[in-house]
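Reader: I should like to learn how burial, helix geometry and overall dimensions are read from a model. May we work through them in turn?

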Amino acid sequence: MQNRRAFIGSGLVALGAATAFDPRALFAAAAPAPKRILILGGTGFVGPHQVRHALERGHQVTIFNRGRSAPGMFGKDVEELAGDRASDLSALKGRRWDAVIDESASLSSAPEWVRLSAGMLKEQTDQYLFISTRSVYRDTSRVPMTADAPVLTLENSPIAEGRALPYGHAKAYAEKEAHAAMPGRVTVVRPGLIIGPGDDTDRFTYWPVRIARGGEVLVPGDGTDHVQIIDVRDLVQFCVKLVEDRTYGVFNGVGPHMGQPFKEFVDRIHRGVGGTGTYTWVDADFLRANGANPYGRELPVFQVMRGATAGFARFDLTPEIKAGLTFRPMEVTARETLEWFRGEPAERQAGLKTGFTAERERELLALWKARR
Ligand SMILES: NC(=O)c1ccc[n+]([C@@H]2O[C@H](COP(=O)([O-])OP(=O)(O)OC[C@H]3O[C@@H](n4cnc5c(N)ncnc54)[C@H](OP(=O)(O)O)[C@@H]3O)[C@@H](O)[C@H]2O)c1
């Protein structure tokens with residue numbers, strides 16, 4: 001936590017200034033009327049980026065959480081309210097905010113948490129922005145995918161009795177709770193994999209780290225399967241823009257428009273981190289047969305664009321782009337994520353949580369070549 005705090009403390013402005021691409025330029029024009037924004041969460045991974053960007057835009061920020069993850073993280077710049085989404089919202093009573101950004105309801109209890117918070121805040125705010133997920137879609141076989149595709153319900157995708165609501169179901173029902181409490185005043189953003197500095201899951205980080213190491217790199221598929229993910233900074237900028245413009249509706253939070261082929265994804269990371277390696281493309285079915293599943297622990301980010309997942313990374317983002325979603329270059333995300341990761345303690349860097357170990361990668365490459 002010390003490191004993440006130090007990173008956040010150093011400010012995203014400094015991070016952006018170190019590169020040729022300056023995302024602030026996109027938002028420099030027309031300073032908005034300052035808004036009072038309540039962020040449910042505010043710490044964790046997405047929260048600090050969200051808070052910093054809202055402050056940079058001149059808004060007044062209050063955060064609400066249990067005060068466990070990172071108390072006092074923002075000093076006096078931000079009002080911190082303590083409570084518990086499951087059982088104690090009393091700190092929110094009698095207050096008023098222009099907008100609420102809910103980014104902490106992600107467990108199976110998400111519908112109940114949103115029912116409680118949106119139910120209480122409906123008289124205290126104009127807009128409730130709920131950060132949902134791409135996982136709400138019942139299936140992603142459509143091409144292109146759009147926000148009106150069917151979402152998970154217990155009817156179309158039953159779950160075993162007594163089992164807690166899985167993530168996708170929980171988020172889909174949480175969206176419904178928000179709409180029910182504040183009809184016509186809800187904004188839903190459904191991000192795909194959220195990546196960038198501060199992401200502790202390593203799902204994206206594996207790729208810049210691996211590509212920067214060089215040598216023979218195992219890359220999945222034939223390079224044509226698409227990728228759609230979102231840099232955390234692009235996500236929070238989109239959310240704040242939706243609040244500034246008071247835009248209601250349901251939006252996806254991935255990019256780029258219609259996705260980019262995996263080969264382009266790899267090339268861009270290679271350029272971003274100054275890669276020196278060579279790339280061996282290994283058939284996705286072969287990898288699966290050898291225990292490495294697309295989107296699984298060893299193969300993060302990668303998904304095959306056929307059958308049930310044909311549209312997984314083929315979202316048509318026309319409405320989102322019109323509403324203000326922008327995408328920074330993958331080269332920048334890769335370079336800055338690597339810079340952040342290299343500032344983490346040595347033992348943390350030695351233990352990437354996803355991707356192939358060097359030994360496993362060598363073993364799979366040898367098997368692949370022997371097979372051919
Ligand atoms: N990571 C991804 O790739 C991805 C993809 C799609 C969507 N999302 C969504 O993005 C959102 C942000 O993700 P994240 O990983 O940054 O956040 P997160 O882990 O879902 O939430 C962390 C925040 O919630 C607060 N919190 C946790 N339990 C609480 C409780 N009982 N009462 C009040 N506050 C509580 C934490 O503070 P305290 O611990 O101090 O309470 C912290 O501020 C989530 O809704 C997630 O579902 C993530």
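Reader: Why does T276 count as exposed?

Author: The general idea is to count neighbours: a residue is exposed if 12 or fewer other C-beta atoms lie within 10 Å of its own. In this predicted model, T276 has 11 C-beta neighbours inside 10 Å and therefore counts as exposed. T276 sits in the loop between α9 (262–273) and β12 (278–282). Its C-alpha atom is 7.2 Å from that of G215, although 61 residues separate T276 and G215 in sequence.

Reader: How many residues of α8 are buried?

Author: Here the cut-off is 20 or more neighbours. Of the 13 residues of α8, 12 are buried, including the charged residues R233, D234 and E244.

Reader: What span should helix α8 have, and what is the distance between its end C-alpha atoms?

Author: The expected span is 1.5 Å times one less than the number of residues. For the 13 residues of helix α8 (residues 232–244) this gives 18 Å, and the end C-alpha atoms are 18 Å apart, so the two values agree. Just after α8, R246 adopts a positive phi of about 45°.

Reader: How is the radius of gyration of the protein chain to be read?

Author: One sets the radius against the globule rule for the chain length. The protein chain holds 14 helices and 12 strands. Its radius of gyration is 21 Å, close to the 21 Å that the rule gives for 372 residues, so the chain is as compact as a globular protein of that length. Along its principal axes, the C-alpha trace spans about 70 × 50 × 35 Å.

Notes
Residues are numbered from 1 along each chain as its sequence is written. This is a predicted model: local features need pLDDT of at least 70, side-chain atom pairs count only at pLDDT 80 or more; totals for chains, interfaces and linings use all residues. Helices (H or I, at least four residues) and strands (E, at least two) are DSSP runs, numbered from the N terminus. The radius of gyration is taken over C-alpha atoms; the globule rule is 2.2 Å times the number of residues to the power 0.38.
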